[in-house]
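Welcome! Here is a short tour for anyone meeting this protein for the first time. Take a look at the sequence and the model, then read on.

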Amino acid sequence: MWYNNILETIGNTPLVKLNNVTKHLKGTILAKIETTNPGNSIKDRMALKMIEDAEEAGLLKPGGTIIEGTSGNTGMGLAMAAVVKGYRCIFTTTDKQSKEKIDALRAFGAEVIVCPTNVDPEDPRSYYSVSSRLEKEVPNAWKANQYDNLSNTKAHYEQTGPEIWEQTEGKITHLVVGVGTGGTISGTAKYLREKNPNIKVWGIDTFGSVFKKYKETGIFDKNEIYPYITEGIGEDFLPQNVDFNQIDLFEKVTDKDAALMTRDLARKEGIFAGNSAGAAVAGLLQIGQELTEDDVVVVIFHDHGSRYMGKMYNEDWLRERGFLKDEKLTAKTILKRRGHQEIVTADVNQSVLETFNIMKSLNISQIPLTQQGMVIGKVTESDILSALLENPTLKSAAVEGISTKPFPFVDLNTSIDKISSLINKDSQAVLVEDDFGKINIITQYDIINAISEV
């Protein structure tokens, strides 16, 4: 058996039991692994449905252009379908989105316009506004509008809901979904509740988003809105696809908890999923204490981890935001293991010979050069040797004349991996400022010593 095109492989994604990250919860916790869709996300389902419904309604005509504001996954689904069906794609996205997502869209031949994140949806610079303007300006264009296009919800009512019902043999008691456009949770919940009105539906929100307060109070509070890192969930407006009547409650999850759980899913479950999966599981852990042994919980894992390599799966990125501390060797732990060691420098006005004598007496092969106490360059034994072989009279000249660019500076939280990548034949050490404002040097020898003490 074979499929006629890649679009026929969308859906029928597996349910996988979680065993470790949810071990403190009662019941059976199942992940709906949407990464097995051909575009590696659940958005393939609704992207194709929106296109098919637009074709049927005569809104999308042969040779037309699909316009959409997308963070990546919907764009991937639309772009994939467009390739098969012969459409052009222009997408707008925000500068918050990972580079991997944007590159993936371009790989399918889509044009991508990156817009600022921290502006109101009504602002002409926002990715919503720019996509609406393009729809008017580009001939034969159709805007998918995933937020308000109810074909989004319909796709999950027709596909995701029935799949979960059949896969759990009707035993599902709780549905947990990160809420962005709202189509996944609303469509899936509607179908499942028609089968069993007692199923609980929990939406996962993020701090900086309006959903939770609106559900609880009916108030759209602009003071709730502020920038957040978590991708794929939360909004600063109310999409028509969010059916609040289908959602029992919202739980907010911090950027840190979402990011670290995303990482834990790979490390503890072997599941390489995206940021919204981490947020959903973290949210479940916060509110799942009421579960019983008989409960069957399905958590939607929206997309693939490969789209977050520069973020949630990058330890330096996590450290820079204070999400991860000293699990791995860092500049700080390397210095701590080495113990205090005064850095040796040479002034740029010292002669080449004087500088060489300092290095020889201390048995060091490289030395930072300073000017009025500031590091402005470096010189190595090989620099001096090369210079003197070329011109022996240089030994009395100022060493500044043969200096090269300074060693790279890193901060105390920089990982050993990053430090190692900065040390090469052109730069055989890095500099770091300690907690007291003093400059320290870390060499390859220091790294080897620190590793050997682990």
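## Cysteines without a bond

This is a predicted model, and a search through the whole structure turns up zero disulfides. Take C89: this residue belongs to no disulfide, and the nearest cysteine sulfur, in C115, lies 16 Å away. A disulfide is a covalent bond between the sulfur atoms of two cysteines.

Why does C115 have no such bond? The closest cysteine sulfur to that of C115 is the one in C89, and at 16 Å this is too far for a bond, since a disulfide needs the sulfur atoms within 2.5 Å. Are these cysteines buried or exposed? C89 counts as buried because its relative accessibility is 5%, and C115 is buried too, with a relative accessible area of 4%.

## A sheet of three strands

Further along the chain, three strands make an open sheet, arranged in the order β14-β15-β16 with mixed pairing. At the edges are β14 (409–410) and β16 (439–443), each of which pairs on one side only. Strand β15, residues 429–433, runs antiparallel to β16 and is joined to β16 by five bridges. Within this pairing, E433 is found opposite I439 of β16.

Which helix packs on this sheet? That is α11, residues 331–338, which touches β14, β15 and β16. The direction of α11 makes about 90° with that of β16.

## The annotated domain

An unreviewed UniProt entry places the feature "domain: CBS" at residues 335–396. Over that stretch, the chain is 40% helix and 24% strand, and the C-alpha atoms at its ends are 35 Å apart.

Terms used:
Residues numbered from 1 in each chain as written. Predicted model: local features only at pLDDT ≥ 70, side-chain atom pairs only at ≥ 80, totals over all residues. Heavy atoms only, no water. Pairing = 2+ DSSP bridges. Helix = DSSP H or I, 4+ residues; strand = E, 2+ residues; numbered from the N terminus. Contact = heavy atoms within 4.5 Å. Axes fitted to C-alpha atoms, helices over the stretch in contact; angles between N-to-C directions. UniProt positions renumbered as here; feature names shortened; annotations may be inferred. Buried < 20%, exposed > 50% of the residue type's maximum accessible area, 1.4 Å probe, protein only.
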